Amino acid sequence: MRTTVFVSYRRCDKDAAVLQHLDAFLVPLEKEGLICGWTDRHIEGGQRWRDEIDAALDAARIAVLLISQDFYTSEFIRDVELPRLLSREASGLVTILPVFVSPADAEHAVAFTDEHGVSRQRRLSDIQGGVAHPSRTLAEMGKAKQAREFLELVKRIRALVADVQARSPTATTDVAQIAAAQRHALAPPPPSSDHYSLTVEIQSAKKRLSIHYWLHNHQLPALERSRPQAEGLLNAARAGQGEALFELLFGDESRWEPIFRALFGYPDQGPRPNPTRGGVRLRICVPDAELLALPWLRLSWNGRLLIQDRWEIATVGDVSPARDCKTAPAGEFLVVVPDAASARQASDNPGAPMARLIEELWPRPPGAPAAARMVTQAAQLDAALQGMRPHGL
């Protein structure tokens, strides 16, 4: 059985030229009987074009996106193709390979709804496995370099096709059983009521830092760092750099990929699960006071705060969940500024810099109230202490 490769592109001259260049590399795969490449050029006159595209999206196991700024301006791509593909990618049914054709907004996030009905957003620049990059697009390369990028893309498609075919049931299997088997093999289990749970224990010694992972039914190797290796990450983490916190906990991609495969229930072969795949209940066991003081809520992956992707992050003193203490998420702080009453406007308030610092170091989930509450008079302080239990004063 051939694997359907869906190619999404903006119908303009420069992107169509890239598509023609890409065809020269995909056609040999078609001749070998490995893939069935599909673009909207396959729609013939008189066909119901929307039905044809829907069928191709449902059949696709690999999607190649030719991304430019014009790509984002297509309403059909933005509102139909991308949400469908991202939803199927979140379910493990398709692998997306982005190809950055020319400079485009790398921060643009596409809204979609996953298989559990949860509204999510995804930046195409966060998806791994494609070629080129927003900072180094095909348009900024010479012809020879572009050809090498497409050869790399073909190499990845070959590997994905081999993986899909290895999991394909025999032709005598009932069609309904085929669909069920493929979905079971590719799709991770739905999250439990408290999301996916992972405990990370940091053991600090004079010469080294050891990271241990506690996950039900899985033995995961520890991550060992020498003190000099860890110190640079610790300094960046103290400055609030969320990516440094992530690297400190999980290491580079070769280290974190098996952790998240085990966490989300992905098979050893197949699409790579990104950390934003689902809501994670992360317990960080840090008995060391210096490590406890790090701004863990700023934990980020590819520039995105993970608490914005339904992560719950808590610091604990014991690896056993049975000994957890129930506390309000993302602590509240009460800022007492006795002389603020004379300030002419909010920006003049001497407590404003402190409030901003608290918001930066302890960000709140979307929709949550501000972390810092400011009072200027004794009566306000009495009322605040009666109505809240601040974690910091």
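Along strand β5 (residues 109-113) the side chains alternate, with Val110 and Phe112 pointing to one face and buried, whereas Ala109, Ala111 and Thr113 point to the other face and are not buried. Buried here means under 20% relative accessible area, exposed means over 50% and partly exposed lies in between, with a 1.4 Å probe and protein chains only; strands (E, at least two residues) and helices (H or I, at least four) are DSSP runs numbered from the N terminus. This is a predicted model, in which local features need pLDDT of at least 70 and side-chain atom pairs count only at pLDDT 80 or more, while totals for chains, interfaces and linings use all residues. Residues are numbered from 1 along each chain as its sequence is written, and side-chain values use heavy atoms, with hydrogens and water left out.

**The β5 and β6 hairpin**

- Strand β5 pairs with strand β6 (residues 119-123) in the antiparallel sense over five bridges, where two strands are said to pair if DSSP finds at least two bridges between them.
- Thr113, one of the β5 residues that are not buried, has Ser119 of β6 as its bridge partner.
- Five residues lie between the two strands of this hairpin, and Gly117 takes a positive phi near 80°.

**Salt bridges**

- Twelve salt bridges are found in a search of the whole structure, each being a side-chain nitrogen of Lys or Arg within 4 Å of a carboxyl oxygen of Asp or Glu.
- Glu32 and Arg158 meet through their side chains in a salt bridge, at 2.7 Å from N to O. This pair links distant parts of the chain, 126 residues apart, with Glu32 in the loop between α1 (13-31) and β2 (35-38) and Arg158 in helix α5 (residues 143-167).
- Glu32 is partly exposed at a relative accessible area of 45%, and Arg158 likewise counts as partly exposed, at 36%.
- Arg156 forms a salt bridge with Glu152, with the closest N and O atoms 3.2 Å apart; the two residues are separated by about one helical turn, because they are four residues apart in helix α5.
- Arg156 has a relative accessible area of 28% and Glu152 one of 31%, so that Arg156 is partly exposed and Glu152 is too.
- Arg123 forms a salt bridge with Asp126, the closest N and O atoms being 3.1 Å apart, and both Arg123 and Asp126 are buried.
- Asp54, Asp58 and Arg84 are linked in a network of salt bridges.

**Arg225, a buried charge**

- Arg225, found in strand β10 (residues 223-226), is buried yet has no salt bridge, and the nearest side chain of opposite charge, that of Glu247, is 4.9 Å away. For charge, Lys and Arg count as positive and Asp and Glu as negative, while His and the chain ends are not counted.
- The side chain of Arg225 does, however, reach the backbone oxygen of Glu247 at 2.5 Å.
- Leaving aside neighbours within four places in sequence, Arg225 is in contact (heavy atoms within 4.5 Å) with residues including Lys207, Arg208, Leu209, Leu233 and Glu247.

**The protein as a whole**

- The protein has twelve helices and 16 strands, and 46% of its 393 residues count as buried.
- Among contacts between residues at least 6 apart in sequence, 69% join residues at least 24 apart.
- About 20,200 Å² is exposed by the protein, with carbon and sulfur atoms supplying 52% of it; accessible areas come from the Shrake-Rupley method with a 1.4 Å probe, and for residues only the protein chains shown count as cover.

Methods. A polar contact is a pair of N or O atoms within 3.5 Å; within protein, one must be able to donate a hydrogen and the other to accept it, and residues adjacent in sequence count only if both atoms are side-chain atoms.
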